[in-house]
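I open a new page in my notebook. Today I go through one protein, from the whole chain down to single residues.

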Amino acid sequence: MSAPDLSLAIRSQEAIAAYLKSRQRFAGVTILARRRGIIQNDIDAAVGEMGAILYVLPGKPVKVNPNNPGPHAEQYEIRVRAIENPALNETQPTAYELYEGALIELSHLTITGLEVLGMIYPAEQNGDETPDPERIIIDAIFYANAQLPPRPGL
């Protein structure tokens, strides 16, 4: 598949992961943006090796305007998950530092080359934590307006 054939979910995931990898604050941090295979195995292996990582989830429309053609997503959700195993993390930033760094780096960002996705802004309610006995897992949550491609023939 060529890049234009990929869904916005995948294109936004890849673009955000590439942007975060380019930021100095995340130098040396593993940033995953997997969508195929056994993703949990990749996450577990990376956390086991590094102690802490960021995982960029595929984007998804969560509030769609039924009156706009396209369809048009008034809220297109972007999540970046900070995952840390404190028992293994000796050199990486903590999950809290990774979460905060993602909030700082992505707030009010526009991704060049992904014009169908508007400015990214943080969700008002943020920092969802997933209970886990061994790891700290925190989600940085963002929204943007997005124009999804119309179905063929329109």
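**Entry 1: the overall layout**

I counted the elements of the protein and got three helices and seven strands. The model is a predicted one. Reading from the N terminus, I wrote down the order α-β-α-β-β-β-α-β-β-β. Next I checked the radius of gyration, which is 16 Å. The globule rule gives 15 Å for 154 residues, and the two values are close, so the protein is as compact as a globular protein of that length. I also noted the span of the C-alpha trace along its principal axes, about 55 × 35 × 30 Å.

**Entry 2: inside and outside**

How much of the protein is made up of buried residues? I found 43% of the 154 residues. Then I looked at contacts with a separation of 6 or more. Residues 24 or more positions apart account for 66% of them. The exposed area of the protein is about 8,500 Å². Carbon and sulfur atoms supply 51% of that area. I listed the charges too: 13 positive and 19 negative side chains. The centres of these two sets lie 9 Å apart.

**Entry 3: helix 3**

I checked the length of helix 3, residues 95–106. Its twelve residues should span 16 Å at 1.5 Å a residue, and the end C-alpha atoms are 16 Å apart, so the expected span agrees with the model. Which residues of helix 3 are buried? I noted Ala95, Leu98, Tyr99, Gly101, Ala102, Leu103, Glu105 and Leu106. An α-helix has 3.6 residues a turn, so residues three or four places apart point the same way. I then looked up what the buried residues of helix 3 pack against. Their partners are helix 1 (8–21), strand 2 (52–56), strand 4 (72–84), strand 5 and strand 7 (136–147). Just after helix 3 comes His108, with a positive phi of about 60 degrees.

**Entry 4: two single residues**

I picked Ser12, which sits in helix 1. Is Ser12 buried or exposed? The relative accessibility of Ser12 is 1%, so Ser12 counts as buried; the cut-off is under 20%. Leaving out residues up to four places away in sequence, Ser12 touches Gly59, Tyr76, Leu114 and Leu117.

My other pick was Gln125, in the loop between strand 5 (121–122) and strand 6 (128–129). The relative accessible area of Gln125 is 65%, so Gln125 is exposed; that label needs over 50%. Last, I looked at Gln125 and Phe142, which are 17 residues apart along the chain. Their C-alpha atoms are separated by 9.6 Å.

Key:
Residues are numbered from 1 along each chain as its sequence is written. This is a predicted model: local features need pLDDT of at least 70, side-chain atom pairs count only at pLDDT 80 or more; totals for chains, interfaces and linings use all residues. Side-chain values use heavy atoms; hydrogens and water are left out. Helices (H or I, at least four residues) and strands (E, at least two) are DSSP runs, numbered from the N terminus. The radius of gyration is taken over C-alpha atoms; the globule rule is 2.2 Å times the number of residues to the power 0.38. Buried means under 20% relative accessible area, exposed over 50%, partly exposed in between (1.4 Å probe, protein chains only). Contact means heavy atoms within 4.5 Å. Accessible areas come from the Shrake-Rupley method with a 1.4 Å probe; for residues, only the protein chains shown count as cover. Lys and Arg count as positive and Asp and Glu as negative; His and the chain ends are not counted. The place of a charge is taken as NZ of Lys, CZ of Arg, CG of Asp or CD of Glu. The expected span of a helix is 1.5 Å times one less than its number of residues.
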